[in-house]
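Please open the structure in the viewer and keep the selection tool at hand. The tour below proceeds stop by stop, stating at each one what to select and what is found there.

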Amino acid sequence: MDIYRVTIPHKLPSANDYINACRTNPYVGAKMKAETEDMIILYLRRLPHFAMPVKIHFHWIESNKRRDLDGIAFSKKFILDALVKAGKLKDDNRKCVTGFTDSFSYADEAKVIIDIEEE
């Protein structure tokens, strides 16, 4: 099976960032989500459409240890929704995404590396 790799060279919003935006105003939270998904879609363009179910590995690279791991990994919601919005996945339900894993490391620049494997 082929594994497709995409790197998103940005620090994505954490759960706390999104919650704070939604508490400010629901429209602010919706705008953050839409803008984040649109930015992610730019990096998903070279991916094929996945007709079969997929497993996804997210490798989160942070520039420091200030953010909680669960808050960082929350951004997979934006990534999965962007995959659907871009037409790469039919849906992000259990029939289309059968599982995912997370790993974390630290470097000078924050980014996320996504490995998608069709089953």
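The stops that follow cover a pair of helices, the cysteines, a further helix and a residue in a strand. Please bear in mind throughout that the model is predicted.

**First stop: two helices**

Select residues 15-24, which form helix α1, together with residues 26-44, which form helix α2. Their axes come within 5 Å and cross at roughly 140°. Angles over 145 degrees would count as roughly antiparallel; α1 and α2 are therefore oblique to each other. To display the contact, select Asp-17, Tyr-18, Ala-21, Cys-22 and Thr-24 on the α1 side, then Pro-26, Val-28, Gly-29, Met-32 and Lys-33 on the α2 side. By type, the residues of this contact comprise six nonpolar, two polar and two charged.

**Second stop: cysteines**

Remain with Cys-22, one of the α1 residues in that contact. Its relative accessibility is 29%, so Cys-22 counts as partly exposed. Next, select Cys-96, in the loop between α4 (76-85) and β3 (97-106). Is Cys-96 buried or exposed? Cys-96 counts as buried, because its relative accessibility is 14% and the cut-off for buried is under 20%. Leaving out residues up to four places away in sequence, Cys-96 touches Met-52, Pro-53, Val-54, Lys-90 and Asp-91. Now add Asp-68 to the selection: Asp-68 and Cys-96 are 28 residues apart in sequence, and their C-alpha atoms are 28 Å apart in space. The model has zero disulfides, by the rule that two cysteine sulfur atoms must lie within 2.5 Å.

**Third stop: helix α4**

Select residues 76-85, the helix α4 that precedes the loop of Cys-96. How many of the 10 residues of α4 are buried? Seven are, so α4 is largely enclosed by the rest of the structure. These buried residues are Lys-76, Phe-78, Ile-79, Leu-80, Asp-81, Ala-82 and Leu-83. Move on to Gly-87, just after α4, where the phi angle is positive at about 80°.

**Last stop: Glu-62**

Select Glu-62 in strand β2, which spans residues 54-62. Glu-62 is buried, with a relative accessible area of 5%. Which side chain makes a polar contact with the side chain of Glu-62? That partner is Arg-67, at 2.9 Å. To see the surroundings, also select Lys-11, Ile-72, Ser-105, Tyr-106, Ala-107 and Ala-110; these are among the residues in contact with Glu-62 when its neighbours within four places in sequence are set aside.

Terms used:
Residues numbered from 1 in each chain as written. Predicted model: local features only at pLDDT ≥ 70, side-chain atom pairs only at ≥ 80, totals over all residues. Heavy atoms only, no water. Axes fitted to C-alpha atoms, helices over the stretch in contact; angles between N-to-C directions. Helix = DSSP H or I, 4+ residues; strand = E, 2+ residues; numbered from the N terminus. Parallel < 35°, antiparallel > 145°, perpendicular 65-115°, else oblique. Contact = heavy atoms within 4.5 Å. Nonpolar A, V, L, I, M, F, W, Y, C, P; charged D, E, K, R; others polar. Buried < 20%, exposed > 50% of the residue type's maximum accessible area, 1.4 Å probe, protein only. Polar contact = N/O pair within 3.5 Å; in protein donor to acceptor, adjacent residues only side chain to side chain.
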